[in-house]
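Please look over the protein chain shown here, first as a whole and then residue by residue.

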Amino acid sequence: MSGLIHLYCGDGKGKTTAAVGLAIRAAGAGMKVVMVQFLKSQPTSELHIIESIPNIQVLRKKSIKKFSFSMTPQEKQLCAQQHNQCFQEALKLVAQQRCDLLILDELMAALNCQMIDEIMVKDFIEHKPEHLELVITGRNPPRYLMEAADYISEIKKIKHPYDKGIPARVGIEK
């Protein structure tokens, strides 16, 4: 089976949720899933279940607990180092054939904030192993990702409770 590239992009809610749904489906079919989460360090409810599923491994760092726009230059540098480490760890799992589906959650945000080595990402996309199914989430995908993608699903925000001042709710948005 030849692996394809999925982009879940846009300003609407549901990109990570769609990726998690695919992870569960793939794990249910016996596939090995690795999900790397960029720019996410706070605990989220889906991790409680995902981490209990034997075929799903989540890679993320927990040291930076701020949004990128409120980080100091030193925090941004540390965050970038950690993201590059997580990405390289995922690439090792792919090379060891311990990953059939790789999810790069919020990769586009990490790229847009210059918090991951874009040359390394481009090289990986250009030389993706034939068997690997790849899911990338986030806003504003660069042109090279759109050209490489086999699926592009745009999730558009029409209305969101946050616009009314309703914060993220446990079990729904976090």
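The report below goes from the overall fold to five selected residues.

This is a predicted model, in which local features need pLDDT of at least 70 and side-chain atom pairs count only at pLDDT 80 or more, while totals for chains, interfaces and linings use all residues. Residues are numbered from 1 along each chain as its sequence is written, and side-chain values use heavy atoms, with hydrogens and water left out.

**Overall fold**

The protein chain has six helices and six strands, where helices (H or I, at least four residues) and strands (E, at least two) are DSSP runs numbered from the N terminus. Read from the N terminus, the order of these elements is β-α-β-α-β-α-β-α-α-β-α-β. The radius of gyration of the protein chain is 16 Å, which agrees with the value near 16 Å that a compact globule of 174 residues would have; this radius is taken over C-alpha atoms, and the globule rule is 2.2 Å times the number of residues to the power 0.38. The C-alpha trace spans about 45 × 35 × 30 Å along its principal axes.

Of the 174 residues, 44% count as buried, a class that means under 20% relative accessible area, with exposed meaning over 50% and partly exposed lying in between (1.4 Å probe, protein chains only). Among contacts (heavy atoms within 4.5 Å) between residues at least 6 apart in sequence, 74% join residues at least 24 apart. The accessible surface comes to about 9900 Å², and 53% of this belongs to carbon and sulfur atoms; such areas come from the Shrake-Rupley method with a 1.4 Å probe, and for residues only the protein chains shown count as cover.

**Selected residues**

The table places the five residues and gives their relative accessibility.

| Residue | Place | Relative accessibility |
|---|---|---|
| Ala-19 | helix H1 (residues 15–28) | 0%, buried |
| Thr-44 | loop between strand S2 (33–37) and helix H2 (45–50) | 16%, buried |
| Arg-60 | loop between strand S3 (56–59) and helix H3 (73–95) | 11%, buried |
| Gln-97 | loop between H3 and strand S4 (101–105) | 57%, exposed |
| Gln-114 | loop between helix H4 (107–112) and helix H5 (118–126) | 62%, exposed |

Which residues does Arg-60 contact, leaving aside its neighbours within four places in sequence? They are Gln-37, Lys-40, Ser-41, Gln-42, Pro-43, Leu-47 and Cys-86. With Gln-37, the side chain of Arg-60 forms a side-chain to side-chain polar contact of 2.9 Å, a polar contact being a pair of N or O atoms within 3.5 Å of which, within protein, one must be able to donate a hydrogen and the other to accept it, while residues adjacent in sequence count only if both atoms are side-chain atoms. A polar atom of the Arg-60 side chain also lies 3.5 Å from the backbone oxygen of Lys-40. Leu-39 is 21 residues from Arg-60 in sequence, and their C-alpha atoms are 8.5 Å apart in space.

The side chain of Thr-44 makes a polar contact of 3.1 Å with the side chain of Glu-46. Ala-19, with residues up to four places away in sequence not counted, touches Tyr-8, Ile-103, Val-135 and Thr-137, and its C-alpha atom is separated by 11 Å from that of Gln-37, 18 residues apart along the chain.

Two glutamines have positive phi values, in each case in a residue other than glycine: phi is near 55° for Gln-97, and phi is near 55° for Gln-114.
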